[in-house]
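I opened my notebook to look into the packing of one helix and the nonpolar cores. Here is what I looked up, entry by entry.

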Amino acid sequence: MLALVLHGFGNAAVEEVPDPVPGPGEVVIDVTCVQPSVTECMLLAGEPIAMHQVLAARLAAGPTRFGGHEFAGVISAAGPPIPTNPPSGEKSDKSWRGVPDLSCQPGDLVTAVETAACGRCAACRRDRPDACPAPSVLGFTGPGAFAERVVVPARTVVRVPDGVSAAQAAAVQPLAGAIHGHAVAAVRPGDTVLIIGAGVMGLLHTRVARLGNAGQIIVTGRSAAKLELARRAGADLVLDATREDVVARVLEATEGIGADVVFECAGEFEQAARGVRRGGTIVMVSVLPNHAPAPLALLRERSVALLHPRSGAGGYAPGSSVFEHALRLVRRGDVELQGLISHRLKGIEALPEALEITRYKHRYGALGPAQVELA
Ligand SMILES: [Zn+2]
């Protein structure tokens with residue numbers, strides 16, 4: 001089959017690779033539609049964000065496959081069932097768990113949760129999968145869906161309901177992340193929510209906040225067109241960060257208090273720290289450099305809670321129940337994903353172009369990631 005192979009940072013090509021073989025409890029999915037995430041684009045280009053060292057070490061050993069976790073496809077084959085006895089070499093059956101039968105069948109349109117706890121370590125055995133030190137992350141710890149076919153654990157598969165297209169399903173992972181982020185932040189009824197950034201993550205957070213408990217929703221951005229989308233997604237107040245003093249306007253809109261919850265989606269952490277109220281919460285959505293500056297004294301003095309949405313590279317993604325909920329919201333029309341898909345390319349050979357467009361969205365007038373349609 002054809003797949004994207006990385007030869008060095010900034011040097012990826014679509015090449016022939018061996019077909020994937022499903023192991024016990026795994027399924028093969030023929031990829032129908034895939035889109036790169038901005039994080040993947042940054043890592044493939046060699047930017048020093050989380051996971052960079054891991055990828056650099058792999059590249060030092062030779063060409064490698066990397067990326068491809070936002071996708072949809074059709075199940076084409078299943079591996080053998082998971083043995084009920086421990087695999088050879090394991091003495092105790094305490095650490096060996098089977099998984100339930102697959103709820104999807106060959107021919108079903110599906111997507112998959114990108115992160116799966118190992119199910120066997122001390123943390124997993126104690127029902128703390130979020131503490132698993134060695135989860136598998138699709139495209140990061142093994143080959144992902146930048147390929148004609150991908151193998152995933154059957155337990156991570158989520159069926160796409162009728163009425164939701166492969167393109168929408170491929171774009172559902174960021175929505176699941178936004179839903180999860182709001183759950184992590186525990187937004188209370190009537191809370192003022194400040195969303196910094198009106199890109200895809202900012203817009204999805206706006207929509208999820210409007211569907212949830214938020215009271216006043218304030219969105220900042222740098223493009224009039226995107227701020228108009230934020231308004232349509234449910235923002236009460238939109239602020240043009242190129243012309244307005246965002247922190248002053250937030251304080252004005254909250255009677256000098258500041259926002260209860262801030263979702264930082266644009267790398268403007270200082271703005272988040274100054275726009276949040278005393279005792280408020282900042283959810284760090286954007287991917288920051290490893291040593292990003294932060295006003296720690298201010299955060300300490302004002303008792304600000306910093307939370308992470310547990311999604312994306314090196315983190316822990318929302319589980320299948322969140323994905324199912326996200327797909328339900330799309331099917332019902334509560335969240336409109338189609339409008340975020342501005343660029344659609346045909347054929348797996350277009351993957352390098354999709355990476356380029358997604359990394360430099362502003363140059364290409366792209367709103368969301370560029371999608372590649374394989375089938
Ligand atoms: Zn584990």
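Entry one: what covers helix 8. I listed what lies over the buried residues of helix 8, and the cover includes strand 10, strand 11, strand 12 (237-240), strand 13 and helix 9 (269-275). A reminder to myself: this is a predicted model.

Entry two: which residues of helix 8 are buried? In this helix, which spans residues 246-253, I found Val246, Val247 and Val250 buried. They sit on the same side of helix 8 because they cover an arc of only 95 degrees around the axis. That fits the textbook picture: an α-helix has 3.6 residues a turn, so residues three or four places apart point the same way.

Entry three: the ends of helix 8. At the start, I saw a side-chain oxygen of aspartate 245 come to within 3.3 Å of the backbone nitrogen of valine 247. Just after the helix, glutamate 255 has a positive phi of about 55 degrees.

Entry four: the largest nonpolar core. I looked up its 49 residues, and Val172, Leu175, Leu204, Phe263 and Leu337 touch the most other members. Elements giving two or more residues to this core include strand 10 (193-196), strand 11 (217-221), strand 13 (259-264) and helix 6 (200-211). Domain 1 (2-82 + 105-171 + 337-373) and domain 2 (175-307) each supply at least three residues to this core.

Entry five: phenylalanine 263 up close. Leaving out residues up to four places away in sequence, I noted that its contacts include Gly181, His182, Val193, Ile195, His205 and Val285. Apart from this core lies another, of 39 residues, with Leu44, Ile49, Val137 and Ile348 among them.

Definitions and conventions:
Residues are numbered from 1 along each chain as its sequence is written. This is a predicted model: local features need pLDDT of at least 70, side-chain atom pairs count only at pLDDT 80 or more; totals for chains, interfaces and linings use all residues. Side-chain values use heavy atoms; hydrogens and water are left out. A nonpolar core is a set of buried Ala, Val, Leu, Ile, Met, Phe, Trp, Tyr and Cys residues joined through side-chain atoms within 4.5 Å. Buried means under 20% relative accessible area, exposed over 50%, partly exposed in between (1.4 Å probe, protein chains only). Helices (H or I, at least four residues) and strands (E, at least two) are DSSP runs, numbered from the N terminus. Domain bounds come from an automatic or database domain assignment. Contact means heavy atoms within 4.5 Å. The arc is that of the directions from the helix axis to the C-beta atoms. A polar contact is a pair of N or O atoms within 3.5 Å; within protein, one must be able to donate a hydrogen and the other to accept it, and residues adjacent in sequence count only if both atoms are side-chain atoms.
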